Amino acid sequence: MPVRSAPATAPVVELLGVTKRFPGVLAVDRVDLALLPGEVHALLGENGAGKSTLVAMLSGLVEPDAGTVRVEGRERRIGSPRAALQQGISTVFQHVMLVPTLTVLENLVLGMSWWRRPDRAELERRLAAIRSEFGITLDLDQPTGELSLGEQQQIEIVRALLRQSRVLILDEATSMLTPSGADELGALMRRLVKSGLAVVFITHKLDEACRFGDRITVLRLGRKVGELAPEGLAAMDQAAAVDEVVGLMFGDRSIAEARPTRLRKAEGAPILTVRGLTVTGATRLARVDDVSFDLRPGEILGIAGIDGNGQKQLAEALAGQRTVATGSITLDGRDITRDSVAERRRLGLRYLTDDRIGEGAVGGFPVATNTVLKEIGAPPFWSGGIERPGRIASHARELIDRYDVRTPDETTPIGRLSGGNIQKVLLARELSGEARVVVFNKPTYGLDVQNIMASRNRIAAIADASLAVLLISTDLEELLDVADRIAVMAAGRLTGIVANDEGARARIGALMIGRAA
Amino acid sequence: MEALLTAAFLTALLAGAVAAGVPLLLAGLGEQMSEKAGVLNIGIEGMMLMGAYLGFLVAFESGNVALGFVAGMAGGMAVALFMAILCVGLGLNQIVIGIGLTLGVEGLTALLHHFQFSTTYPRLAAAWRLPVPGLVELPVIGPALFDRHPLVYLAFLLVPLLAWLYRRTALGLTLRAAGEKPAALDVAGIDVQTVRFLAVLFTGAMAGLGGAFMANVAAGIFIPFMTGGAGFIGIVLAMLARGRPAWVLIGAVIFGGALSLTTALQVAGLNVPTDLIQMLPFAAVMAVLVLYGRKARLPAALGLPYVRGAR
Ligand SMILES: Nc1ncnc2c1ncn2[C@@H]1O[C@H](COP(=O)(O)OP(=O)(O)O)[C@@H](O)[C@H]1O
Ligand SMILES: [Mg+2]
């Protein structure tokens, strides 16, 4: 646990009973929040808990429907981003807020005083001070768009420091960082609060909240469900803190622990047979090279490997979205190598893309339409080319019910739902009709803990229902949790397939770094 | 054929290119400012026409051409005000509103002109010229470039001035940010709507001035629909210029030259069908678009209304 700085007396910024409603959702519901100088305040909650909405209210992007905001004890209205900055509240948003076509210098001076020429010498002097105090260096003349997301985030932090902020908000700042980058950010936050800043660190990752936060506030469905003060946190060790927070987040500690249980073992002859599958790609990594495997009903075959080693190409080749150069795909004795996407779907081969919004759904269309997106024109939802909205709606309502999709109703545009709920809709769509083989590509990517667990359980249940599952994932834990066998993919090739039993982790590790198991 | 290569012909050709090119230059520079800030200002044709109409009317009634220019700018800005309120303030579709405004102004000016002058087309006295001492003595380019109305010089001076503004000043930075990523500008503390509003008004002023130049200097007369697509060519120039005022100038010279050549060839009485010659400027637009259209890089948020906090 980091050394805690002495608790400060009065909050810089205080939210009292703030509420924000969006069409169909109560995003933030009567939340109180006090930000103290010298403290990293971790704000924890699953996707859709209302964290970003809270940030938006603090940074002047939206105004609360009810409740008050106090800055240094006095009631204030934060009606615009400008007003927030004037109150000393700086924000590093969840999505980068830099202009990619401008240089780093230009982004730093943006909004400072638009009638005056930026004074480079003065800026460099202040940057030197920041460098010596916080250890951040920037190359001022780089075009911002060419920098990595981590570097862009540093620019935003430096910008906040240049503005002499009193409060710095970091919304999901670690989601685009590597684990070591996250640790560096943690150390930086420590230095920032030492200098007297109040830091708000927003995350949906439990361990980060416990590791970096002096105080932890937990949000759930827009409501504040608990707060752990520094006094209490300091008294616990990390495991106890995690336990405590899990309890707050889910109301039930067992959820995060529960491992999917598999009821049945794979049986019978392979339903999907892939032999020598080769797909040419633009780069050395983005291709599939001589891949062969069998998949039996009731079996989950995991594909492990570092992202970008041909996994997506393999999935798309199986789904029929990519042309196969050589090799064959056989589904239940029938060669489907040249069949169209629709034909494969009809035969029971289903594919869940990792690109849920870009490829899997039409964000602006209602949930109902998205449930029948792959059956446009086909009965029973269309008859003679005419759409039957009643049929589609009742079908959608049934799926929403069965898969526990959290949505106001079936007419809500799917893009408004959280990632976990979009995932449920897509899964519901893919499993409807006669599904026999399901290909998942990174199904839990970007979801929060609770939805990850629910998804894994659902995948296990699918296999238990005697469907064959190909599970592509970059998360080894996930594969070890549910898969029967695990193959490792590197540079487009399967370097080995191992049974998921004792010692599987070590053998997969060896395969991943290129040694035989 | 030799007649085409005499000094007199070349002078006339170049002079014509300037007369036709200056309104395009002003319109293109104006449009460029809007586009930089993220507003596709399709209403510019209407703004030019309003500038031409009001500019001519005031100059004719008051006998003061300078006052006419002021009125022309005001006319262009008045139309731009509608564009700004509807498209920036209310976030309505920029293409629909722009086309609507253009059609509206075309009808309105034709109607007003008909009421005021019926079918007569009164003329203004020949425009005032300000020869540049020394330079005016140069052969061919002297009389064509340096013996012109002051507005011509002003239009050319605007090119380096705007280039400096865009590249070197914080205001230029602000404009570019408004067109590339308005949300980033907003959270940096500058109101995107204000920036866009002012940019659209500037476009209106430039377009109105260009229109007034057409009526009061180049033609000396107002005819309904006289801008004849100059505003739209201005849009093409701004789009092809990749944000650089100098490229707007080059484009304006090419298109102005094509327009001027049309007139010159007709005057020279070449044995070519007039329809073919009149096609020239438009063929030039097409050729340039085919050659360079794909290289045009437009601001990422061009044409998209900005709504704070939306997602
Ligand atoms: N601009 C918006 N319009 C409509 N709904 C929104 C908007 N912003 C957020 N929401 C909804 O409010 C809820 C909270 O979202 P958000 O604050 O982004 O959660 P978090 O950041 O904790 O993941 C979600 O249900 C989301 O769909
Ligand atoms: Mg968020």
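**Exercise 1.** Determine whether Phe201(A) is buried or exposed in this predicted model, and describe its aromatic pair with Phe212(A).

*Solution.* Step 1: Phe201(A) has a relative accessible area of 0%. Burial requires a value under 20%, so Phe201(A) is buried.

Step 2: Phe212(A), at 9% relative accessibility, likewise counts as buried.

Step 3: The rings of Phe201(A) and Phe212(A) stand 5.6 Å apart, centre to centre, with 75° between the planes. An angle over 60 degrees counts as edge-to-face, and the pair is assigned to that class.

Step 4: Phe201(A) belongs to strand β8 and Phe212(A) to helix α7 of chain A, 11 residues apart.

**Exercise 2.** Classify the pair formed by Phe56(B) and Phe117(B), and state which parts of chain B it ties together.

*Solution.* Step 1: The centres are 6.3 Å apart and the planes enclose 70°, which is edge-to-face.

Step 2: Phe56(B) lies in helix α2 and Phe117(B) in helix α4, so the pair joins parts separated by 61 residues in sequence.

Step 3: Both Phe56(B) and Phe117(B) are buried. Ring pairs also bring in Phe60(B), giving a cluster with Phe56(B) and Phe117(B).

**Exercise 3.** Describe how helices α2(B) and α9(B) cross, and characterise their contact.

*Solution.* Step 1: The axes come within 6 Å and cross at roughly 50°; the helices are therefore oblique to each other.

Step 2: The crossing is right-handed.

Step 3: Among the contact residues are Gly51(B), Gly55(B) and Phe56(B) of α2(B), and Gly204(B), Gly208(B) and Ala212(B) of α9(B).

Step 4: The contact residues comprise nine nonpolar, eight polar and no charged.

Terms used: Residues numbered from 1 in each chain as written. Chains lettered and ligands numbered in written order. Predicted model: local features only at pLDDT ≥ 70, side-chain atom pairs only at ≥ 80, totals over all residues. Heavy atoms only, no water. Axes fitted to C-alpha atoms, helices over the stretch in contact; angles between N-to-C directions. Helix = DSSP H or I, 4+ residues; strand = E, 2+ residues; numbered from the N terminus. Parallel < 35°, antiparallel > 145°, perpendicular 65-115°, else oblique. Left-handed = near helix turned anticlockwise from the far one by under 90°. Contact = heavy atoms within 4.5 Å. Nonpolar A, V, L, I, M, F, W, Y, C, P; charged D, E, K, R; others polar. Phe/Tyr/Trp six-rings, centres within 6.5 Å; stacked < 30°, edge-to-face > 60°. Buried < 20%, exposed > 50% of the residue type's maximum accessible area, 1.4 Å probe, protein only.
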